[in-house]
Amino acid sequence: MLMSVHSVFATNLATTLSCRLNASNMNVSRRRIGSSFVNCSLVKTTEADRLVKLKNGNESLEICRVINGMCQTGGGWGKIDQNDAVEAMIRYADAGLTTFDMADHYGPAEDIYGIFINKVRRERPPEYLENIKGLTKWVPPPVKITRSYVREGIEKSLKRMDVASLDMLQFHWWDYAIDGYLDALKHLTDLKGEGKIKNIALTNFDTERLEQILENGIPVVSNQVQHSIVDMRPQQRMAQLCKLSGVKLITYGTVMGGLLSEKYLDTNLDRTHLNNPSLQKYITTVDAWGDWDLFQVLLRTMKSIATKHGVSIPTVGVRYVLDQSEVAGSIIGVRLGLTDHIEDANAIFSLVLDDEDVNSIQEVTKKGKDLLQVIGDCGDEYRHI
């Protein structure tokens, strides 16, 4: 099955791969999509792969591999004070966690980023500002897509974030049965040419549509997908296409909304206490994969590994996913001004999981169901909502 998928991708993409490792530790592939060649690369740059550089053509974006997720500013996780949130973002950035992920529909996330970036401009030197990266998403309803409609959406994000050009615009489409996503991406590519967007990316697209998008010459640098120790679907099909094309994976749900933590170790399942959108979402993933008893076995295994290395369960969970094929970065949700996970996040960069650790995790996870068969490919859980 895997070999046949590989062959299809190789044929459809007409890919010519020439990978090499040079003195600067750069892995480069050259791919042909349609009639154009695009150079894509993932570059490991500093201490224990803290930073990576995503590259497509002449554009590149260096991001922190542990990304601060701002979804929780959108409500449902507790009230966020704007001033406290901005001060928390400064603390994260000062600690080297310099990349922030948001979306047009995450409540005031883009507005808070705009206030934050202006504070950075006023209070930090220019070289500090260069390290800050804001990744946002455009998530339009499934309507008729026109050039003016796309421009209006992007201009709104530019204004809210108070930037001249978006570092990365990640595009989501709700329903493949409704035409328009290719048109939208072509209009986004035009806006990239105008300098409004530096890098185009996707969120929650499946392998089939990612392949289609690449065949149409859209300069995509990454696809943001759900990926955790429990949800390994991206490694079954998506990672093969990414390896061929140079597109990288940005992962979310990597700590399953907090379920992969000491808080839920050796506890009975009480669904009434899963009282925010993330916990409610990821308990359904646990249900699809196995049951609470098996999940407890996984938590105990991860706790043993965490204790061995002097870290936390979430740190083990993120490190495991970052070590997977084609994963450039993982998002950790931050409740800005309410809780602080800076120490745990920074511990990810120095953690090295050995073969014994990996084997013990896989001994548990292989007892769960194959989520590719149960749920479908990456992003399928978001279709037809």
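The chain shows the solvent about 16300 Å² of accessible surface, and 50% of that belongs to carbon and sulfur atoms. Keep in mind that this is a predicted model. Of the 385 residues in the chain, 55% are buried, and the secondary structure comes to 14 helices and 12 strands. Among contacts with a separation of 6 or more, 73% are between residues 24 or more positions apart.

**Aromatic rings**

- A search of the whole structure turns up 12 aromatic pairs. Take Y176 and F205: their ring centres are 5.9 Å apart and their planes sit at 40 degrees, so this pair counts as tilted rather than stacked (under 30 degrees) or edge-to-face (over 60).
- That pair ties together distant parts of the chain, with the two positions 29 residues apart in numbering. Y176 sits in the loop between β8 (168-171) and α6 (181-193), while F205 sits in the loop between β9 (200-203) and α7 (207-215).
- Both partners are tucked away: Y176 has 12% relative accessibility and counts as buried, and F205 is buried too, at 0%.
- Y176 and F205 also belong to one aromatic cluster, together with W138, Y149, F171, W173 and Y181.
- Elsewhere, R124 lies over the face of Y128, at 5.4 Å from the ring centre.

**Cysteines**

- If you're wondering about disulfides, the count comes to zero.
- C242 is in no disulfide, and the nearest cysteine sulfur, that of C378, is 8.6 Å away. The cut-off for a disulfide is 2.5 Å, so that sulfur is out of range.
- C242 is buried, with 0% relative accessibility. C64 is buried as well, with a relative accessible area of 0%.

**Helix α8 and the residue after it**

- C242 is part of helix α8 (residues 238-245). This helix is mostly covered, with seven of its eight residues buried.
- The buried residues of α8 are M238, A239, Q240, L241, C242, L244 and S245.
- Just after α8 comes G246, which takes a positive phi of about 90 degrees.

**Strands β10 and β11**

- Strand β11 (residues 248-252) is mostly covered, with five of its five residues buried.
- In a regular strand, side chains alternate between the two faces of the sheet. In β11, K248, I250 and Y252 point one way, L249 and T251 point the other way, and all are buried.
- Strand β10 (residues 220-226) pairs with β11 in the parallel sense, over five bridges. One of the partners to look for is T251 in β11, the bridge partner of V225.

**The β3–β4 hairpin**

- Strand β3 (residues 51-56) and strand β4 (residues 59-64) pair in the antiparallel sense, over six bridges.
- Across this pairing, K53 stands opposite E62 in β4.
- The hairpin has two residues between the strands, and G57 takes a positive phi near 65 degrees there.
- C64, the buried cysteine mentioned above, falls within the residue range of β4.

**Positive phi in the loop after β11**

- M256 and D266 both have phi near 55 degrees, a positive value in a residue other than glycine.
- M256 lies in the loop between β11 and α9 (277-289), and D266 has its place in the loop between β11 and α9 too.
- Their surroundings contrast: M256 is buried, with a relative accessible area of 0%, whereas D266 is exposed, with a relative accessible area of 55%.

**A long-range approach from α2**

- D84 lies in helix α2 (residues 82-94).
- At 40% relative accessibility, D84 counts as partly exposed, because that value falls between the 20% limit for buried and the 50% limit for exposed.
- The C-alpha atoms of D84 and L336 are separated by 7.0 Å, although these residues are 252 apart along the chain.

Key
Residues numbered from 1 in each chain as written. Predicted model: local features only at pLDDT ≥ 70, side-chain atom pairs only at ≥ 80, totals over all residues. Heavy atoms only, no water. Helix = DSSP H or I, 4+ residues; strand = E, 2+ residues; numbered from the N terminus. Buried < 20%, exposed > 50% of the residue type's maximum accessible area, 1.4 Å probe, protein only. Contact = heavy atoms within 4.5 Å. Areas by Shrake-Rupley, 256 points an atom, 1.4 Å probe, with all protein chains shown as cover. Phe/Tyr/Trp six-rings, centres within 6.5 Å; stacked < 30°, edge-to-face > 60°. Lys NZ or Arg CZ within 6 Å of the ring centre and 35° of its normal. Pairing = 2+ DSSP bridges.
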